[in-house]
Amino acid sequence: MEGPTPVSALIHAATMVTAGVFLVIKCSPLLEYTPTVLIFLTLVGGLTAFMAATIGLFQNDLKKVIAYSTCSQLGYMFFAAGLSNYAVSLFHLMNHAFFKALLFLGAGAIIHSLSNEQDMRRMGGLTQVLPLTYALILIGTLAITGFPFLTGFFSKDVIIETTTSYFTVTSLFIQWVSVVTAGLTSYYSFRLVYLTFYIKNNTFKTVAKHVHESPFIIILPLLVLSLGSLFLGFVAKDLFIGQGTTFFSGSIFNLPEKPF
């Protein structure tokens with residue numbers, strides 16, 4: 001299912017595809033008493049993260065790469081919930097909303113500038129003509145890869161650390177899957193940046209003549225989302241997952257013997 005880029009940004013960042021994660025988190029009082037379901041949730045989440053990342057490696061459509069990265073990040077959220085760390089799962093959901101919306105709307109700005117071209121193989125050389133869009137896309141890319149001290153780092157790093165809190169075969173397997181998937185995420189994300197901005201320009205001459213920076217009405221939301229992608233994780237980490245925080249005040253349930 002495809003839609004206009006602003007619709008894709010809304011669906012992937014904040015509404016439809018993340019609703020299942022929110023439902024799982026709200027069902028924590030039930031899940032905590034069903035360890036078999038938690039193990040199943042952990043395995044499905046980990047395998048989803050890995051498989052979606054491998055699919056994203058071979059996509060050439062700009063929006064499809066970002067869409068499969070959403071599936072991969074949802075896998076992270078699900079297996080974090082499967083390991084009973086519901087707070088960090090919700091934290092990653094919030095952080096993901098900012099940089100994923102930034103990436104989708106940034107992709108929309110590129111597509112608008114290239115007369116509706118979405119194939120990354122027909123782009124390239126846009127760093128000079130779209131410098132602001134390039135900077136904003138780079139911020140979103142660094143955030144989703146978990147670059148230190150950007151928003152994605154503060155939740156993704158904790159999710160990977162969560163896998164070391166249990167001494168089971170499942171958690172060890174998911175630990176390796178999560179680390180490998182993080183590497184794949186970095187690869188396909190920077191592949192997108194490389195094919196779009198760095199390689200030799202492959203656009204048609206008739207299109208290349210009219211490439212231009214998007215108007216301010218398109219750039220403004222990107223600027224707002226870039227601020228969230230840069231600073232939100234640091235600002236909100238103590239509120240969501242800080243030691244002794246009462247932010248959720250009973251809305252998330254953990255059994256006393258669980259480490260979270």
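A surface patch here is built from residues with over 30% relative accessible area and no salt bridge, and nonpolar side chains join the same patch when they sit within 5 Å. Keep that in mind as you click around, and remember that this is a predicted model.

**Stop 1: the nonpolar patch**

Select I39, L43, L47, F50, M51, F173 and V180, and show them as a surface. Together they make a nonpolar patch with about 570 Å² of accessible area. Now colour by helix: α4 (35-56) and α9 (169-198) each put at least two residues into the patch. The largest share, five residues, belongs to α4.

Zoom in on V180, which you'll find in helix α9. Is V180 buried, partly exposed or exposed? It counts as partly exposed, because its relative accessibility is 40%, and the partly exposed class runs between under 20% (buried) and over 50% (exposed).

**Stop 2: A53**

Stay on helix α4 and pick A53. With 0% relative accessibility, A53 counts as buried. Which residues does A53 touch, if you ignore neighbours within four places in sequence? Select S72, T181, L184 and Y188 to see them. Then draw a distance from the A53 C-alpha to the S189 C-alpha: you should get 10.0 Å, although the two are 136 residues apart in sequence.

**Stop 3: the cores**

Time to go inside. In soluble globular proteins, nonpolar side chains tend to be buried together. In this model, the largest nonpolar core has 33 residues, and L62, I110, L114, L126, L192 and F197 have the most contacts inside it. To see where this core comes from, highlight α5 (62-82), α6 (86-113), α7 (131-144) and α9, the elements that give it two or more residues.

L62 makes a good centre for the view. Leaving out residues up to four places away in sequence, L62 touches A107, I110, I111, Q118, M120, M123, L192 and T196. Next, select V21, I25, L31 and I252, which are among the members of a second, separate core of 19 residues.

**Stop 4: the cysteines**

Finish with sulfur. A disulfide is a covalent bond between the sulfur atoms of two cysteines. How many disulfides does a search of the whole structure find? Zero. Two cysteines to click on are C27, which counts as partly exposed at 27% relative accessibility, and C71, which also counts as partly exposed, at 33%.

Definitions and conventions:
Residues numbered from 1 in each chain as written. Predicted model: local features only at pLDDT ≥ 70, side-chain atom pairs only at ≥ 80, totals over all residues. Heavy atoms only, no water. Patch = residues over 30% accessible without salt bridge, like charges linked within 9 Å, V, L, I, M, F, W, Y side chains within 5 Å. Areas by Shrake-Rupley, 256 points an atom, 1.4 Å probe, with all protein chains shown as cover. Salt bridge = Lys/Arg side-chain N within 4 Å of Asp/Glu carboxyl O. Helix = DSSP H or I, 4+ residues; strand = E, 2+ residues; numbered from the N terminus. Buried < 20%, exposed > 50% of the residue type's maximum accessible area, 1.4 Å probe, protein only. Contact = heavy atoms within 4.5 Å. Core = buried A, V, L, I, M, F, W, Y, C linked by side-chain atoms within 4.5 Å. Disulfide = S-S within 2.5 Å.
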